[in-house]
Amino acid sequence: MAQQEPEELLELSADTRELLEENSLRPLWEVEDDFGNTYDDLEADIWKWEDIQASIDGIEADVPIAELPPGFQRRVAVPINTSLGNAVSNTIYVGVQTVSPGETAPSHRHGANALRYTIDGHEDMKTVVAGEEFPMEDNDLITTPQWEWHDHVNESDETAAWLDVLDLPLVLDSLNASNVFENHELERQPVTKTQGYWDSQYGRGRPAGERDDGTIPGPFEGIREPTPPYRFGWDEMEEALRQRADNDDPDPYDGYSLAYVNPATGKEPLFPTMSFRAQLLNDGPTDPHFHNAVEVYFVIEGEGATHVDGEALEWGQWDIFVVPPDATHHHEPDDEAVLLGMTDRPVFEAFNFYAEAEPSS
């Protein structure tokens, strides 16, 4: 006979049960089983680029941006974790967006933090943020901070594709809050800044005597420094990553990695809710570890596998995969690989909840 759990041996009288129900009360031993079950447990998963490519090609062929409903005029294929149904994780949204030659994804703004990581770009493919046109060349990362107008304009003769990464699930689902949103009155926002303006304000030189009131842009307030509009060119990031590999020892879990920092502070995280890093793996398998933050990866180049609780996620260039919280994992590149790592770790660190360790056996 199966052994009963201690709480199964507890029996409340009919009068007590009726009293609890009438007053919307429950005993703790029954309530605790329902904690943390808003979603099923996040699963390790991988999306292969050839499947994503075929899907976004089909969407591009079938649906012009102009025919999409207002507020959703973005042609995007969204990786869906089978345990959730609406995103890759319950805190991070990743999508693959395309804009065809001559098209514009109209201007809007919202409360969620966002960035674009260019997969297949061109100097004439531009994301316009806060009045500046940012060229989207291969592997560039461009921030779209809270409440900044942004639109995407393809003036090249080739379809462009990039990753959209937002903290939408954290805002809408985990926090059960609203994502403040507004469409611009024009399809394209006016370009009011010369190209390179935001870089000039947040590079090595800073405006003298500038005082910040400490608030986040738009109708938001907080204790974190706002993230400015910014383009991280891949050439500079890759050079810094190679220099690190030539001069330093690798991290046992992440290889050689460099964080994308908030240009306003020079420190992590890039956004208060999400952190990003470029990782170079070229020194064999990394050591296994686990943590309570979600990790989402995009394969910039190379091939290999990430072992998650005994399951091997075999990846190649431009694949996307997710490592769930508390899952023991390590990376094993075939030779050399470069990954874009994305995590909700800053959310846990903000409350002193982040935990990381090696398996005990």
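**Exercise 1.** In this predicted model, determine whether Phe298 counts as buried or exposed, and characterise the ring pair that Phe298 forms with Tyr117.

*Solution.*
- Step 1. Phe298 has a relative accessibility of 0% and therefore counts as buried.
- Step 2. Tyr117 is likewise assigned a relative accessible area of 0%, so Tyr117 is buried.
- Step 3. A pair of aromatic rings is described by the distance of the centres and the angle of the planes.
- Step 4. The structure holds 11 aromatic pairs. For Tyr117 and Phe298, the ring centres are 5.8 Å apart and the planes stand at 65°, so the pair is edge-to-face.
- Step 5. Because Tyr117 belongs to strand E5 (residues 114-120) and Phe298 to strand E16 (residues 295-301), the pair ties together parts that are 181 residues apart in sequence.

**Exercise 2.** Classify the ring pair of Trp198 and Tyr202, and locate both residues in the secondary structure.

*Solution.*
- Step 1. The ring centres of Trp198 and Tyr202 lie 6.4 Å apart, with the planes at 25°; the pair is therefore stacked.
- Step 2. Both Trp198 and Tyr202 are in helix H5 (residues 197-202), with a spacing of four residues, about one turn of the helix.
- Step 3. Trp198, at 14% relative accessibility, counts as buried, whereas Tyr202, at 22%, counts as partly exposed. The cut-off between these two classes is 20% relative accessible area.
- Step 4. Tyr197, Trp198 and Tyr202 form one aromatic cluster.

**Exercise 3.** Identify the backbone features at Ala130, Asp309 and Pro269, and give the setting of each residue.

*Solution.*
- Step 1. Most residues other than glycine have a negative phi, and most peptide bonds are trans.
- Step 2. Ala130 has a positive phi, near 50°. Its place is the loop between strand E6 (122-129) and strand E7 (132-136), and at 14% relative accessibility Ala130 counts as buried.
- Step 3. Asp309 also has a positive phi, of about 50°, although it is not a glycine. Asp309 lies in the loop between strand E17 (304-308) and strand E18 (311-315), and counts as exposed at 55% relative accessibility.
- Step 4. The peptide bond from Glu268 to Pro269 is cis, with omega near -5°. Pro269 is in the loop between strand E13 (256-259) and strand E14 (275-281).

**Exercise 4.** Which residues gather with Asp334 in a patch of negative charge on the surface?

*Solution.*
- Step 1. The patch consists of Glu303, Glu314, Glu332, Asp334 and Asp335.
- Step 2. Asp334 is placed in the loop between strand E20 (329-333) and strand E21 (337-343).
- Step 3. With 59% relative accessibility, Asp334 counts as exposed.

How values were computed. Residues numbered from 1 in each chain as written. Predicted model: local features only at pLDDT ≥ 70, side-chain atom pairs only at ≥ 80, totals over all residues. Heavy atoms only, no water. Patch = residues over 30% accessible without salt bridge, like charges linked within 9 Å, V, L, I, M, F, W, Y side chains within 5 Å. Areas by Shrake-Rupley, 256 points an atom, 1.4 Å probe, with all protein chains shown as cover. Salt bridge = Lys/Arg side-chain N within 4 Å of Asp/Glu carboxyl O. Lys, Arg positive; Asp, Glu negative; His and termini not counted. Charge placed at Lys NZ, Arg CZ, Asp CG, Glu CD. Helix = DSSP H or I, 4+ residues; strand = E, 2+ residues; numbered from the N terminus. Buried < 20%, exposed > 50% of the residue type's maximum accessible area, 1.4 Å probe, protein only. Phe/Tyr/Trp six-rings, centres within 6.5 Å; stacked < 30°, edge-to-face > 60°.
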